[in-house]
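Subject: Handing over a structure, with notes

Dear colleague,

I am passing on to you the structure we spoke of, together with some notes for a reader who has not met it before. Please have it open while you read, since the notes refer to residues by number.

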Amino acid sequence: MERVVLLRSLSCSTACMRFLSLKPRSSWKTASTPLTQQLLISPRNRGLPLACGSRMRWVSTSRYAFQHKRGFSVSPQAIATPSKQASSGIDGSHDIAHELGFEKVSEQLIEECKSKAILYKHKKTGAEVISVVNDDENKVFGIVFRTPPKDSTGIPHILEHSVLCGSRKYPLKEPFVELLKGSLHTFLNAFTYPDRTCYPVASTNTKDFYNLVDVYLDAVFFPKCIEDYQTFQQEGWHYELNNPEEEISLKGVVFNEMKGVYSQPDNIMGRISQQVMFPDNTYGVDSGGDPKVIPKLTFEEFKEFHRKYYHPSNSKIWFYGDDDPNERLRTISVYLDQFDASSAPYESKVVPQKLFPKPVKVVEKYPAGDTGDLKKKHMVSLNWLLSEEPLDLETELALGFLDHLMLGTPASPLRKTLLESGLGDALIGGGIEDELLQPQFSVGLKGVAEEDVRKVEDLIIQTLEELANKGFDVEAIEASMNTIEFSLRENNTGSFPRGLSLMLRSIGKWIYDMDPFEPLKYEKPLNDLKARIAEEGSKAVFSPLIQKFILDNPHRVTIEMQPDTEKASRDEADEKESLEKVKASMTEEDLAELARATQELRLKQETPDPPEVLKCVPSLSLHDIPKHPIHVPIEIGEINGVKVLQHELFTNDVLYAEVVFDMCLVKQELLPLIPLFCQSLLEMGTKDMDFVQLNQLIGRKTGGISIYPFTSSIRGKVEPCSRIIVRAKSMAARVDDLFNLVNTVLQDVQFTDQQRFKQFVCQSKARMESRLRGSGHGIAAARMDAKLNTAGWIAEQMGGISYLQFLETLEKQVDQDWSAISCSLEDIRRSLLSRKGCLINLTADGKNLSNSEKHVSKFLDLLPATSSLETTSWKAQLYLGNEALVIPTQVNYVGKAGNLYDTGYQLNGSTYVISMYIGNTWLWDRVRVSGGAYGGFCDFDTHSGVFSYLSYRDPNLLKTLDIYDGTANFLRELELDEDTLTKAIIGTIGDVDGYQLPDAKGYSSMLRYLLGITEEERQKRHEEILSTSLKDFHDFADVVDVVKHKGVVVAVASEDDVTAANEERPGFFQVKKVL
């Protein structure tokens, strides 16, 4: 299930990034957590709803390390040292381990993460367990099975979904969802890789943590799904027929999820590249499932796959954190002791792919819309399989540095050359990928003209040859080294648990029976590499790698993707024809039986579990919940007349700074230029430095600078909060450099490079088109907001369909009237830069906060005191009508929204509980489980009052809208026992006031300040959540009915589905073809 993967698309570590980052590659991994958790992951549901309320909008142009291709930076250190409790637990653990049936294989002190790590082997089954002990309160557990598929029926993916649908000990429909409702988890997910399946959980609450562990262990070893054909149908695939007179359709959560994946050109490219590169082993098929092949999977094959691979002998088990290490072994021994050893570890081994004797080229089609110049919508990528055998650590690390040098920043030569060539709009390919058994390298361009495909291939080879011959300059090496070392020291995993980033890094070796500790111990190989570069020179280190692994390597696969406007409709027609044949082959009795089975499945899906069954899922009580929200220290002061917020927190000697400017002086017509203005500040040069030199200077002196707009409504106010936020970070010793560089970026960058700006426009347009296909729910949400409030309109101008239309016009204007655009960028700068309306936010320890004040003062002195421009009033909204945004897709994204404050509703903390409950029950059951969509969820923006429903990868359109409209009746008829209500409250507290790292705490506190949310209000909402009653649910029914009667609908959908909807309800949608 692709949830972080939306999360992005989660894939982890690669080359030196194995030490540094968690990297998304949607073509590889699907991840399964509830969409309410992950599709909407943002600061608002990781610490801000109580804090700030709900949806806020920002468009990021980031120069932070590795973010161009990895969703967020992850580094390895756990900053804390082993706790006394944890250490005392280890002293007698070896005797206890022996008594519990484990033998100690090795024990190591991992200095890089301040942890003691022990590798155990379960004597009876051979299951391997790593127990990492330290002082991190965010405890992590994971169990991983090697699960290589033999075909593209998606069996590992469907099984990953299905095992979480009830088990021997927890025999309800979906204990997974019950954990969502009533847990304080900081992570709850599952991932399907091409060759393994991972089940990780995390929590800061020890009782909650072991509840999660027990549910997951029972789920993977004793799932109901292997005896329940209906679960296989629901999560995998099934024929659906409501009555014998209708047409048969194909449904299934994974089936529809993968139809969405196969509607996205970038995903299709990634999958084809992998399959062509690995024709002879398990990577040559799609573990996620090809929608054309999924219906070939039988229930017997499904059961056998579980029997074969979901066995302790084939498992790797991981624990991390400050809990009792002996309790870990006690917990898992209860499960492992029920099994004997099996042959699974031998049967699941991945066979290496032999290198090709000569290059291969493949040409494929992808579904494209009929707008724009199709001849300029080709995609081309070059892919190399680097080695038949796993690489040694030093080579792996050097390749990772090489990857960052070539592609890691806008100034990196391979990336820069490709984008400046004018041969394509945006970069594709993941660079070095070492997550599988054998490492690969991929790079290419999309938005390529038909006649330029060969030129792209030649340019990539030519540029690599030049880099091999000339090497990299000293500044680039220094910038790359500092960036990587900063990331290691900072150890910022965002909302991702540190222990899980370590687990995924370790499993990249461990799953292939190699040393699991090697990827965690980066210090020596890093120092060795630095010493080698210093002694031999960087050219002697990196040029042979380019030559050996890429230029002289015959295992090169070139993939060309050609746009095909008929492919989407052809695929739909093929599916329809296939289903017609299926129906024609059935007797009247067969059809009657299928209709009966369809109704039986739907009845099961829509019938709630009885209360006595629900009680078997372990949960916390309200006594386990803090009575106060998490407190973040804040000191509000002034420097040079500018408000300064300071948050004294331990940050491992890093200073985090935000410089915030008010957008109120920016002219309305210039708002769509804001994202490109932000990118230009970071990726154009100054009078004294070109952009490469500036980019390298930022890499050498800081941990990164990013600039983006932020927009939100403010509850009770007409005018929205609209700001430009400059985020920057550095080691404390380089704060002076940090603020000097922020000043340089803001004041000295010149908007004179016409061709570079045109690249930005093309890249942005390509990103928006990709978002439409892959994140249509986000586009629909932005469009609805734009119809309902000013803040939504502003955000949509900078990141929605209006922005895409602006970019299409701007692309031509750059050539026709560059001087006017350059002047507009200067106008924006003049509108923003002044001390009036500026805000500084600092997060660090007390000493570093004090030391930074003189640097802040110097920075502020350089800003203009005020602006001569007048405040602009933005009072605009889009037309308040239903819209269908038509794209070539096999699935839909359906939204409906309305403003609850228009009814006179006054915010109460119970709304958080109710909206989360609606998403986890009514919408989950009806839109996802019964309707077959990958997800259905709702969101309440407490700043604007907009309550919205959204679906993701949805086979339906009007049916989903009918479910949304049934929400009020669901609430009116709802009966909740005390246990269910308590779980809903606990789950909400965990969601809205969750675990955050120090930089996120300081940033969240700043947003609360900007939006006028006081600590008193936070406490009030917290108490209202804890005191939520069934009456609150019933009362909210009348409130939410406003969405049914006065709401606006936006759907990102296929042309066929929109046409059918308008035939069923004439004039329902205003249709706009956008791709």
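What follows is a walk through the sheets, two helices and a few single residues.

Please keep in mind throughout that this is a predicted model.

I begin with the sheet that has the order β30-β31-β29-β32-β28-β33, an open sheet of 6 strands in which the pairing is mixed. Its edges are formed by β30 (935–941) and β33 (1070–1073), and because each of these has a single partner strand, one side of each is left without a neighbour in the sheet. From one strand to the next, the twist averages 15°. The partner of β33 is strand β28, residues 883–886, and these two pair in the parallel sense over 4 bridges; within that pairing, alanine 884 has valine 1071 in β33 as its bridge partner.

Isoleucine 887 belongs to the loop that runs between β28 and β29 (893–899). Is isoleucine 887 buried or exposed? Its relative accessibility is 2%, and since buried means under 20%, isoleucine 887 counts as buried. Residues up to four places away in sequence aside, isoleucine 887 touches Leu772, Arg773, Val1052, Ala1053, Ser1054, Glu1055, Val1074 and Leu1075. For one of these, glutamate 1055, the separation from isoleucine 887 is 168 residues in sequence, whereas their C-alpha atoms are 7.0 Å apart in space.

A second open sheet is made of 5 strands in the order β17-β21-β18-β20-β19, again with mixed pairing. Here the edge strands are β17 (360–367) and β19 (426–433), each of which pairs on one side only. Neighbouring strands of this sheet are turned against each other by 15° on average, with direction ignored. Inside the sheet, strand β18 (residues 378–385) runs antiparallel to strand β21 (residues 556–564), and 6 bridges join the two; methionine 379, for instance, has methionine 561 in β21 as its bridge partner. Helix α20, which covers residues 567–584, packs on this sheet and touches β17 and β21, and the direction of the helix makes about 80° with that of β17.

The next stretch is one that also appears in a database record. UniProt, in an unreviewed entry, lists residues 561–810 as "domain: Peptidase M16C associated". Over those residues the chain is 52% helix and 18% strand, and the C-alpha atoms at the two ends are 26 Å apart.

Strand β24 (residues 654–662) is mostly covered, with 8 of its 9 residues buried. With strand β26 (residues 721–731), β24 pairs in the antiparallel sense over 9 bridges, and phenylalanine 661 stands opposite isoleucine 724 in β26. Strand β27 (residues 839–844) also runs antiparallel to β24, and 5 bridges join these two; in this case tyrosine 656 stands opposite threonine 843 in β27.

Turning to the helices, α6 spans residues 206–221, and its 16 residues reach 23 Å from the first C-alpha to the last, which is close to the 22 Å expected at 1.5 Å a residue. Helix α6 is mostly covered, with 14 of its 16 residues buried. What caps the N-terminal end of α6? The cap is asparagine 205, which has a side-chain oxygen 3.1 Å from the backbone nitrogen of lysine 207.

In helix α8, which covers residues 253–261, you will find lysine 259, a residue that counts as buried because its relative accessibility is 5%, where buried means under 20%. When neighbours within four places in sequence are left aside, lysine 259 is in contact with Pro291, Glu572, Glu575, Gln890 and Val891.

Lastly, two loop residues deserve a look for their backbone angles. Lysine 114, in the loop between β7 (102–110) and β8 (115–122), has a positive phi of about 45° although it is not a glycine, and at 33% relative accessibility lysine 114 counts as partly exposed. Aspartate 513, in the loop between α17 (498–510) and α18 (523–536), likewise has a positive phi, near 65°, in a residue other than glycine; at 43% relative accessibility, aspartate 513 counts as partly exposed.

With best wishes

Terms used: Residues numbered from 1 in each chain as written. Predicted model: local features only at pLDDT ≥ 70, side-chain atom pairs only at ≥ 80, totals over all residues. Heavy atoms only, no water. Expected span 1.5 Å × (residues − 1). Buried < 20%, exposed > 50% of the residue type's maximum accessible area, 1.4 Å probe, protein only. Polar contact = N/O pair within 3.5 Å; in protein donor to acceptor, adjacent residues only side chain to side chain. UniProt positions renumbered as here; feature names shortened; annotations may be inferred. Pairing = 2+ DSSP bridges. Axes fitted to C-alpha atoms, helices over the stretch in contact; angles between N-to-C directions. Contact = heavy atoms within 4.5 Å.
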